[in-house]
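Biologist: I would like to go through this structure with you. Could you take me through its local features?

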Amino acid sequence: KQDGPCLYFMPIYQFVPYRIRGFINMFLDYDFRYFNFRLILYMIALNIIGVLVIRSATNLDAEAVNKQLLGVLVGLAIAIGLSFIDYHRILNFSIIIYGLCIASLIAVLIWGRDVNNARRWIEVPVIGQLQPSEFVKIGLIVTFSWYFMKYQEKINQVSTVIIAVALFAAPAFLIFEQPNLSTCLVTMVMVLGIVFASGISYRWIMGTLAVTVPVVSTFIYLLLNGMIPFIKEYQAGRILAWFYPEQYGEARYQQNNSIIAIGSGQLRGKGLYNTTIASVKNGNFLSEEQTDFIFAVIGEELGFIGCVAVIILFLLIVYECLMMAGRARDLSGKLICTGMATLIAFQAFSNIAVATGIFPNTGLPLPFISYGSSSLISICLGMGLVLNVGLQRETRHY
């Protein structure tokens, strides 16, 4: 009776190790009517757009396209496979996962590879080049979901909040030191989304805003007057170019060309793989068009219709994550879905905002679309957890 669905296979099932029985029962206990196939379809649609646009942005570079295709296949396989593993089992390893996040970020600072005055990548045997900060985002979602679930009765106590701040501060400092200010900001917004959804008192929220607003205002004032020593020169230049575009035309060069590219696509775009002289992409007016400024290529080649289609797909993914958060059986499941929704929404918005000149140049990838296996696979890891939250029918503790 305890073995449930496997009762009829008892002659063979009795020889199966106890731990494996648990996984079998867990799998058979899922009601697959709750599996969110829509979310998988939205992910595949964005991946297809990404591969097509990367092929055009790299001028039909077969190696880059094949690498991205492999990342798509591996990422989707991980997402689907992870969706069948109870997320409570993964949450039980939260302390180990957090430790691995810290260790990987320290390894980057010690043995990382320097590219454009930044040390963000590390060579891993067999796997190749990885950007640990992308995986740290998912690790922090798991860690904070476990932490606030464990201490939900004490969430408003000062000690609980201080420990949460310390848990965020350590990886944030290591990411900032790479230097990678943009990823640090995305991680902060993601964690704030989790904290807000955790049910923390509005007194903490209002108190934080009361401190944050004057601190940010003071920071901007000091930055504009060249009085921030810990900000790199190129970072300060990008922010100043956003405030004073006329005085920092060189720092705005990429963004200005990106805006021109998006506008030149008009309604339907110039078409994929266009080789016209008027193309901003083909004129080498953009750098990193397959990663940071891939939305400019989408705007130029797929036009307004293509841009709107991409934005709608992101909105649908965020909507599905939030709907599953609302239906989650416990706080940890709710926070996992909320964390992923916040991450995808803010990072996608930031990438598009940079390409359209709304934000300073940050160098963030567009989720599911930009070239790069680290970003793609890490996002799929998180989506696998979200899919499993949607499969849960009852609260189980291990």
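Modeller: We can discuss the strands, the aromatic rings, a helix and some backbone details in turn. Please keep in mind that this is a predicted model.

Biologist: Let us begin with the sheet. What is the order of the strands in it?

Modeller: The sheet is open and has 3 strands in the order β1-β2-β3, with antiparallel pairing. β1 and β3 stand at the edges with a single partner strand each, so one side of each is left without a neighbour in the sheet. From one strand to the next, the twist averages 40°.

Biologist: How many bridges pair β1 with β2?

Modeller: Strand β1, residues 113-115, pairs with strand β2, residues 118-124, over 3 bridges. Within this pairing, Asp114 stands opposite Arg119 in β2. The hairpin of β1 and β2 has 2 residues between the strands, and Asn116 takes a positive phi near 55° there.

Biologist: And which residues face each other between β2 and β3?

Modeller: Val124 has Gly128 in β3 as its bridge partner, and Glu123 stands opposite Gln129 in β3. β2 and β3 (residues 128-130) run antiparallel and are joined by 3 bridges.

Biologist: Changing topic to aromatic rings: how many aromatic pairs does the structure hold?

Modeller: There are 7 aromatic pairs in the structure. In one of them, the ring centres of Tyr147 and Tyr151 are 5.1 Å apart with the planes at 50°, so this pair is tilted. Phe196 and Tyr202 form an edge-to-face pair, with 6.3 Å from centre to centre and 85° between the planes.

Biologist: Are Tyr147 and Tyr202 buried or exposed?

Modeller: Tyr147 counts as buried because its relative accessibility is 3%, under the 20% cut-off. Tyr202 is exposed, with a relative accessible area of 58%. As for Tyr151, its 29% relative accessibility makes it partly exposed.

Biologist: Which residues form the aromatic cluster with Tyr147?

Modeller: The cluster consists of Phe144, Tyr147, Phe148 and Tyr151. Tyr151 also has a charge over its ring: the charged end of Lys150 sits there, 5.7 Å from the ring centre. Elsewhere, the charged end of Arg55 sits over the ring of Tyr273, 5.0 Å from the centre.

Biologist: Arg55 belongs to the stretch 37-57, helix α3. What is the reach of that helix?

Modeller: α3 has 21 residues and spans 30 Å from its first C-alpha to its last, close to the 30 Å expected at 1.5 Å a residue. At its start, a side-chain oxygen of Asn36 comes within 3.3 Å of the backbone nitrogen of Arg38. After α3 comes Asn59, with a positive phi near 55°.

Biologist: Where else is phi positive in a residue other than glycine?

Modeller: Gln266 and Phe368 are two such residues, with phi of about 50° for Gln266 and near 70° for Phe368. Gln266 is in the loop between α12 and α13, while Phe368 lies in the loop between α14 and α15. Gln266 is exposed at 62% relative accessibility, whereas Phe368 is buried at 2%.

Biologist: Why would one note such residues at all?

Modeller: Most residues other than glycine have a negative phi, and most peptide bonds are trans.

Biologist: Then which peptide bond is cis?

Modeller: The bond from Gln178 to Pro179 is cis, with omega near -5°. Pro179 is placed in the loop between α8 (158-176) and α9 (181-197).

Definitions and conventions: Residues numbered from 1 in each chain as written. Predicted model: local features only at pLDDT ≥ 70, side-chain atom pairs only at ≥ 80, totals over all residues. Heavy atoms only, no water. Pairing = 2+ DSSP bridges. Helix = DSSP H or I, 4+ residues; strand = E, 2+ residues; numbered from the N terminus. Axes fitted to C-alpha atoms, helices over the stretch in contact; angles between N-to-C directions. Phe/Tyr/Trp six-rings, centres within 6.5 Å; stacked < 30°, edge-to-face > 60°. Buried < 20%, exposed > 50% of the residue type's maximum accessible area, 1.4 Å probe, protein only. Lys NZ or Arg CZ within 6 Å of the ring centre and 35° of its normal. Expected span 1.5 Å × (residues − 1). Polar contact = N/O pair within 3.5 Å; in protein donor to acceptor, adjacent residues only side chain to side chain.
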